[in-house]
Each structure stands twice: as structure tokens, then as C-alpha cells.
Amino acid sequence: MSAASLASSINAIRSASFPNDRSPLASNAPHPSSSSSAFLGSTARLRFNPVSSPAARLRSSAVAAVAAASNVVKEKQPKSSPSASNLLITKEEGLELYEDMVLGRVFEDMCAQMYYRGKMFGFVHLYNGQEAVSTGFIKFLKQEDSVVSTYRDHVHALSKGVPARQVMSELFGKETGCCRGQGGSMHMFSKEHNLIGGFAFIGEGIPIATGAAFTSKYKREVLKEEGCDHVTVAFFGDGTCNNGQFFECLNMAQLWKLPIIFVVENNLWAIGMSHLRATSDPQIWKKGPAFGMPGVHVDGMDVLKVREVAREAIERARRGEGPTLVECETYRFRGHSLADPDELREPAEKAKYAARDPITALKKYIIESNLASEAELKEIDKKIDEVVEDAVEFADASPQPPRSQLLDNVFADPKGFGIGPDGRYRCEDPKFTEGTAKV
Ligand SMILES: Cc1ncc(C[n+]2csc(CCOP(=O)(O)OP(=O)(O)O)c2C)c(N)n1
Ligand SMILES: [Mg+2]
């Protein structure tokens with residue numbers, strides 16, 4: 001499918017929900033004016049030159065647009081129940097999306113509890129509020145397709161099918177974790193599920209994802225491997241889009257028409273830095289067309305809209321038509337990490353996005369469309385509570401990794417680092433390795 005037909009499908013979805021909005025792809029038009037887009041919905045005050053700065057004017061006109069565009073379910077759902085042909089999803093699809101999003105939410109809430117009880121170490125970054133992005137994209141993927149994430153990676157791992165037990169154990173640093181306890185919160189990895197990480201340095205995952213997409217293309221076109229139509233989805237944040245690796249990889253991916261989707265989870269903040277304050281042109285999707293690939297903005301609080309954009313972009317990549325840049329407007333409901341008191345964001349902004357909770361919205365859509373009853377959804381909630389509790393019990397009961405594992409996969413000469421003969425960590429021990437990586 002061409003970029004134009006991707007544009008027209010996406011435009012149809014957008015205009016169903018945002019009648020005044022124009023797809024950036026629809027007519028090679030200049031980007032939609034901020035006053036007609038749900039984008040730039042931050043109510044945060046810019047702390048310098050708030051009245052005269054163009055960014056502030058852009059933002060304040062967008063606030064009203066966000067209010068009008070919120071409550072997406074209402075927009076999609078006429079007062080009377082729609083006929084089956086109007087539905088955006090089947091019952092099975094709706095329940096799958098709901099279950100995956102609830103799993104992500106309940107898992108993360110449990111992580112917060114376990115972290116504060118001292119069961120996890122280091123930094124832990126939760127995904128609450130952003131579930132529609134992970135679910136909307138990853139549920140379209142095959143096991144052979146690859147996902148590359150950031151340090152906010154637990155939910156991407158779960159959506160990709162890594163069992164909750166393995167993810168929780170990894171967080172507990174246990175041997176049964178998906179990286180045998182050596183990765184921790186920020187480095188989830190599963191070869192079996194083609195989850196390529198978990199990257200703590202922002203932007204580091206983007207070239208890895210580009211390489212994975214290159215591998216698929218090479219296998220398909222050079223090695224002529226049958227059925228190799230695998231795609232890669234790279235997730236990263238708004239704050240990462242000012243990093244050079246992002247631009248280099250957009251260029252390379254488009255140059256070689258790689259089967260990759262760059263998914264920006266624009267939650268409007270990079271730790272305590274507002275996206276509007278840090279970025280010369282905050283409309284990230286525009287960077288796609290600058291490199292010759294489609295760039296799409298989507299409401300990342302609405303899993304059905306994310307899903308439609310994901311479908312087009314993934315199918316396009318699978319057909320060998322190249323990359324797409326998708327910017328999902330979303331919001332994190334918690335602080336940057338569990339160590340962040342989250343005092344910088346305005347209460348009004350938090351409340352605005354809390355009212356657009358993607359799980360509540362999907363639940364409402366499912367019930368109002370008569371796809372499933374409240375009781376059926378409660379059954380799913382119950383099942384997920386059990387899955388997550390089981391994951392905690394499993395992780396807690398699992399053994400610590402053996403000491404001999406400490407230097408596995410360490411490629412640099414470990415001389416001078418490790419556990420000394422007294423069992424304590426030490427940096428300077430000339431006798432420590434003597435040329436061997438054994439502890
Ligand atoms: C190369 C690099 N520079 C700086 C940091 C410190 N850092 C950690 S998170 C973060 C902000 C990232 O924000 P964003 O990409 O929007 O992701 P979000 O946390 O909002 O999901 C920064 C700068 C880092 N991890 N890596
Ligand atoms: Mg961010």
C-alpha cells in the first residue's frame with residue numbers, strides 16, 4: 001500500500017473521531033494547525049515568557065482542542081447501540097485488548113508495592129497510562145516480529161508474551177527472570193519472544209531496532225528466506241527524539257526501506273523537562289515526512305485509534321514498503337520513576353489525562369457496544385489479579401542467581417572488579433581474576 005492509501009485509511013479513522021482534524025498525510029497538506037489537533041495538550045505553564053512565546057500561544061489554543069477531543073468513547077459511540085457492522089472490533093479482539101491493558105496496569109501497580117517493600121533494586125519506571133500504545137501495536141505482531149523498548153519496558157515485555165512470572169522474577173533479580181536476574185527493570189530481554197530490550201540509555205534502542213529490521217530485509221531479499229516478512233517496532237519517548245541516533249536511523253530506514261515502525265510515546269515530559277520547552281518543533285510526526293516516510297499523529301489514550309494506525313503501518317512494513325513514524329500522544333500517570341515524587345507536573349494536567357484513562361475508555365466502549373458484559377470484564381480483572389499475584393509468589397520463592405553467574409556475558413576484562421575472597425564487592429583486587437572470568 002502506498003503512503004497515500006495509508007494516509008487515507010488513517011484519515012478516515014481520525015475524521016470519525018476528530019471531525020475538525022486533518023491527517024498530516026491526507027493531502028500532503030501542511031500539518032494540522034494546533035487549534036484543530038489533540039496534540040500539545042499540556043496545560044503546564046511554560047516558566048519563561050509565558051505570554052509572548054509562540055510555543056505558549058500554540059499550547060494555550062490547543063488546550064481547548066484537547067478538552068473537545070477527549071472522552072473518545074463518547075465520540076465513537078452514538079447514544080443508541082451501534083449495529084455489528086459499525087463496530088471497530090470483534091468481541092474477541094476487544095477482550096484481548098482489554099486483558100492485555102489490565103495486565104499491564106495491575107502488573108505495574110504491583111511493582112510499585114514490591115519496590116516500596118524492598119523487593120526490587122535500582123530504578124523502576126512504570127508505564128501506567130500508556131497501555132494503549134503497547135497493546136495497540138504489539139497485539140498485531142507475530143512472535144517472530146521484534147520489539148525494542150526503553151527503560152519503561154515491563155509492559156512491552158508482557159504484551160509481547162513474556163510470562164508475568166519471568167518479568168516479575170527479573171525485577172526481583174532472581175534466577176528465573178527472563179535475563180536470569182542479570183538485567184533488572186530496565187533490561188528486559190527474551191530471545192524466544194523477540195523482545196530485544198530494554199535500553200537504559202535513551203535512544204540506544206533505535207539503532208538496534210534498525211539493525212533488526214535490516215536483518216529481516218537481508219534475510220528476505222538476499223538470503224531469499226521463505227516467509228521472512230518480519231517487522232520491528234521501536235518504542236521510545238518524546239525526550240529521545242532530540243537525540244542524534246533518532247535522525248540517523250530515520251534516514252537509514254527510509255533509504256533502505258526497512259520494515260520498521262518508529263513509535264514515539266509522547267507523554268509530554270522527559271523526567272521533569274516539558275517537551276514544549278525542549279523541542280524547537282514539538283510536532284514529532286513531522287520528522288517522518290522530512291525523511292520521506294509517512295509521519296502520523298494519533299491519540300495514544302485510545303487503543304482503537306492506536307490499533308488502526310498500527311495495523312496500517314505494520315502491514316505496510318510487512319509488504320516491504322518501508323518505515324513509518326508514529327507519534328502517540330499519551331501520558332504517564334505516575335512519576336518518571338518510583339524514586340520521583342512527581343511534583344513538577346500541574347495537578348490540572350494530571351487530572352485532564354486521568355479523565356482519558358485508556359482502560360476506562362475501552363471498557364466503556366465494550367459495554368456500550370454490547371461486545372461483553374461488565375461481569376465478563378470483571379472475570380478478566382479477577383484472572384489478571386491472580387496472574388500477577390502468582391508472579392509475585394513465584395518470584396519471591398525463586399532462588400538468587402549463583403555467584404558464578406556474576407561475570408557471565410561480561411566481555412571486557414573484568415580484572416579489578418568483582419567479589420573478593422571475603423565475599424564483598426571490591427574494585428582493586430590484583431588477584432581477583434588473573435586472566436579468568438571465574439568468580
Ligand atoms: C543517553 C542518555 N542521556 C540521558 C539519560 C537520562 N535520562 C533518563 S530518562 C530521560 C528522559 C527521557 O524522556 P522520554 O524519552 O520522553 O521518555 P519517558 O521517560 O517520558 O518515557 C533522560 C534524559 C539517559 N538515560 N540516557
Ligand atoms: Mg516522555
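Me: Two strands pair if DSSP finds at least two bridges between them; what makes β6 and β7 a pair?

Reply: Strand β6 (residues 295–299) and β7 share five bridges in the parallel sense, and at least two are required, so they pair. One of the contacts is V298, whose bridge partner in β7 is C328. The model is predicted, and local features need pLDDT of at least 70, side-chain atom pairs count only at pLDDT 80 or more, while totals for chains, interfaces and linings use all residues. Residues are numbered from 1 along each chain as its sequence is written, chains are lettered from A and ligands numbered from 1 in the order in which they are written, and side-chain values use heavy atoms, without hydrogens and water.

Me: How do you know that β3 pairs with β2 and with β7?

Reply: Strand β2 (residues 232–237) and β3 are joined by six parallel bridges, and six bridges also link β3 to β7 (residues 324–329), again in parallel. Both counts meet the requirement for a pair, so β3 has β2 and β7 as partners. V263 of β3 stands opposite F235, and in β7 its bridge partner is V326. V264 has E327 as its bridge partner in β7. The names come from DSSP runs (H or I of at least four residues for helices, E of at least two for strands), numbered from the N terminus.

Me: Why is the β2 to β3 connection called right-handed?

Reply: From β2 the chain passes through helix α9 (residues 244–255) to β3. A crossover is right-handed if, with the strands pointing away from the viewer, the path from the first strand over the helix to the second runs clockwise. This β-α-β crossover is classed as right-handed, so its path runs clockwise in that view. The unit made of β6, helix α12 (residues 303–318) and β7 is right-handed too.

Me: L268 lies in the loop between β3 and β4 (269–270); is it buried or exposed?

Reply: The relative accessible area of L268 is 2%. Buried means under 20%, exposed over 50%, and partly exposed in between (1.4 Å probe, protein chains only), so L268 is buried. L268 is not a glycine, yet its phi is positive, about 75 degrees. Most residues other than glycine have a negative phi.

Me: What puts I271 and E315 in other classes?

Reply: I271 has 54% relative accessibility, so it passes the limit for exposed. I271 is found in the loop between β4 and β5 (273–274) and, though not a glycine, has a positive phi of about 50 degrees. E315, in helix α12, has 36% relative accessibility, which falls in the middle class, so it is partly exposed. P259 is 56 residues from E315 in sequence and 9.4 Å away, C-alpha to C-alpha.

Me: How do you know that β3 is largely enclosed?

Reply: Seven of the seven residues of β3 (residues 260–266) are buried, so the rest of the structure largely encloses this strand. I260, F262, V264 and N266 point one way, while I261, V263 and E265 point the other way. In a regular strand the side chains alternate between the two faces of the sheet. In β7, six of six residues are buried, with T324, V326 and C328 on one side and L325, E327 and E329 on the other. Helix α5 (residues 131–138) is also mostly covered, with eight of its eight residues buried.

Me: What makes D238, N267 and W269 donors of the magnesium ion (ligand 2)?

Reply: Donors are N, O and S atoms within 2.8 Å of the metal (3.2 Å for Na, K and Ca). D238 (OD), N267 (OD1) and W269 (O) lie 2.1 to 2.2 Å from the magnesium ion, so they qualify. Water is not among the atoms, so the site may look incomplete. The donor spacing in sequence is D-x28-N-x1-W, and both N267 and W269 are buried.

Me: Which polar contacts does ligand 1 have with Y151, D238 and N267?

Reply: A polar side-chain atom lies 2.6 Å from an oxygen atom of ligand 1 in Y151, 3.0 Å in D238 and 2.8 Å in N267. A polar contact with a ligand is a pair of N or O atoms within 3.5 Å, so each of these pairs counts. Taken alone, ligand 1 exposes 580 Å², of which the protein buries 71%; accessible areas come from the Shrake-Rupley method with a 1.4 Å probe.

Technical notes. Polar contact = N/O pair within 3.5 Å; in protein donor to acceptor, adjacent residues only side chain to side chain.
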